[in-house]
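This report goes through a protein chain, from single residues to cores, surface and charged pairs.

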Amino acid sequence: MMRTCYFIFLSLLLFSCSWEDQNVIFEDAVTPDTLEVSTLSLEDEIKRQIELSLDIPRNEEYDIQFHYDYINRDTLMDIIILVNREAYAFQKSQRENKLSFLEYMGFTGPYNYVFVKLGGSKKVIQAPPVGSSVFHPLIIHFEPITIPGQNDFYVQYRSRNSMFRNYYTIRGEEIYLTFNCPEFDLIGEENPKAYYIEHSESTVRTAKDIALYHGIIPNYTSTEIEDVNNFTPSNIQSTGELFVYFIFDEKTKKYKTPFTPEKQNDEVVVE
């Protein structure tokens, strides 16, 4: 089970890296299908642009969420749009005779998406697809992390019996994936992996640091879990033992670790 989970996580990581720094920007297109876009509501206009960019047919059922917050330093409200294409994942797999492979991969693939619509802009910016479970739409959280007074955001996503986080920040009209880390893994095993994640204020850096501590899942009993791919711990508690510590590099827009408890002189870049 452990080897399979790490294989899947490595595959997703490689997929993500191939998209690195490829922000995709979609302008309003003037076509017969979009001439009436000015009469649409803002959310309908955004939805139309996303459907064009992902080539989503009008009859496809998919999940789309609009989350409003201030994620850059102007006074205009911005929108994060999360898209999940569960139905498309199954249709595509059946059409290409790869349904068994999708099942083997734990129904994990690039079918969850993150888009950004900055206030006052006509552009919709797309981040790389998030390789994750098709059964679980992304869950978003906003917080000032890399710049005081400006909200970054992170999304939680599932992969089989594991959960991970992707952290994002906005600079100008570009979205950056700054950090990725696990929250828990190996649910259903007798000894699952769990991490307590802390965003720490720094006395020397404007950005918050990110610390991962070894964690425990209270009242965890593997034999009582009916579905390991849907179980989510309600509260991961820290053991107080530091696993790894990260600081933000403004130049690369990435979180890096200057040390781990075992190797304090190594620098590991987290993609």
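In which helix is Ala89 found? Ala89 belongs to helix α3, which spans residues 86-95. The model is a predicted one.

**Two buried positions**

Ala89 is buried, and its relative accessible area is 0%. Leaving out residues up to four places away in sequence, Ala89 touches Leu102, Tyr111 and Val134. The C-alpha atoms of Ala89 and Val134 are 7.2 Å apart, while the two residues are separated by 45 residues in sequence.

Asn166 sits in strand β9, residues 162-171. Is Asn166 buried or exposed? With a relative accessible area of 6%, Asn166 is buried, because the cut-off for that class is under 20%. The side chain of Asn166 has a polar contact of 3.2 Å with the side chain of Tyr168. Residues up to four places away aside, Asn166 touches Val130, Phe153, Tyr154, Val155, Tyr157, Leu177, Phe179 and Asn180.

**Chain totals and cores**

The chain contains 4 helices and 15 strands. It has 271 residues, of which 47% count as buried. For contacts between residues at least 6 apart in sequence, 53% join residues at least 24 apart.

How many residues does the largest nonpolar core have? It has 19 residues, and those with the most contacts inside it are Ile80, Val114, Val116, Phe153, Tyr168 and Ile175. Two or more residues of this core come from each of β3 (78-84), β4 (108-117), β8 (150-159), β9 and β10 (174-185). A second, separate core has 18 residues, including Phe66, Ile81, Phe107 and Val124.

Ile80 is in contact with Val114, Val116 and Phe153, among others; neighbours within four places in sequence are left aside. The list for Ile80 also includes Gln65, Phe66, His67, Ile71, Phe115, Ile140 and Phe142.

**Surface**

About 14,200 Å² of the chain is exposed, and carbon and sulfur atoms supply 50% of that area. Leu42, Tyr68, Tyr70 and Met77 make a nonpolar surface patch of about 360 Å². Within this patch, Tyr70 is placed in the loop between β2 (63-69) and β3. Tyr70 is partly exposed, with a relative accessible area of 39%.

**Salt bridges**

The count of salt bridges is 10. Three of the pairs are listed below.

| Basic residue | Acidic residue | Closest N and O atoms |
|---|---|---|
| Arg85 | Glu60 | 2.7 Å |
| Arg205 | Asp209 | 2.7 Å |
| Lys256 | Asp249 | 2.9 Å |

Which parts does the salt bridge between Arg85 and Glu60 tie together? Arg85 is in the loop between β3 and α3, and Glu60 is in the loop between α2 (42-54) and β2, so the pair links parts that lie 25 residues apart in sequence. Both Arg85 and Glu60 are buried.

In the pair of Asp209 and Arg205, the acidic residue is buried at a relative accessible area of 2%, whereas Arg205 is partly exposed at 29%. Lys256, the partner of Asp249, is buried with a relative accessible area of 15%. Lys92, Glu96 and Lys98 are joined into one network by salt bridges that share partners.

Technical notes:
Residues numbered from 1 in each chain as written. Predicted model: local features only at pLDDT ≥ 70, side-chain atom pairs only at ≥ 80, totals over all residues. Heavy atoms only, no water. Buried < 20%, exposed > 50% of the residue type's maximum accessible area, 1.4 Å probe, protein only. Contact = heavy atoms within 4.5 Å. Polar contact = N/O pair within 3.5 Å; in protein donor to acceptor, adjacent residues only side chain to side chain. Core = buried A, V, L, I, M, F, W, Y, C linked by side-chain atoms within 4.5 Å. Patch = residues over 30% accessible without salt bridge, like charges linked within 9 Å, V, L, I, M, F, W, Y side chains within 5 Å. Areas by Shrake-Rupley, 256 points an atom, 1.4 Å probe, with all protein chains shown as cover. Salt bridge = Lys/Arg side-chain N within 4 Å of Asp/Glu carboxyl O.
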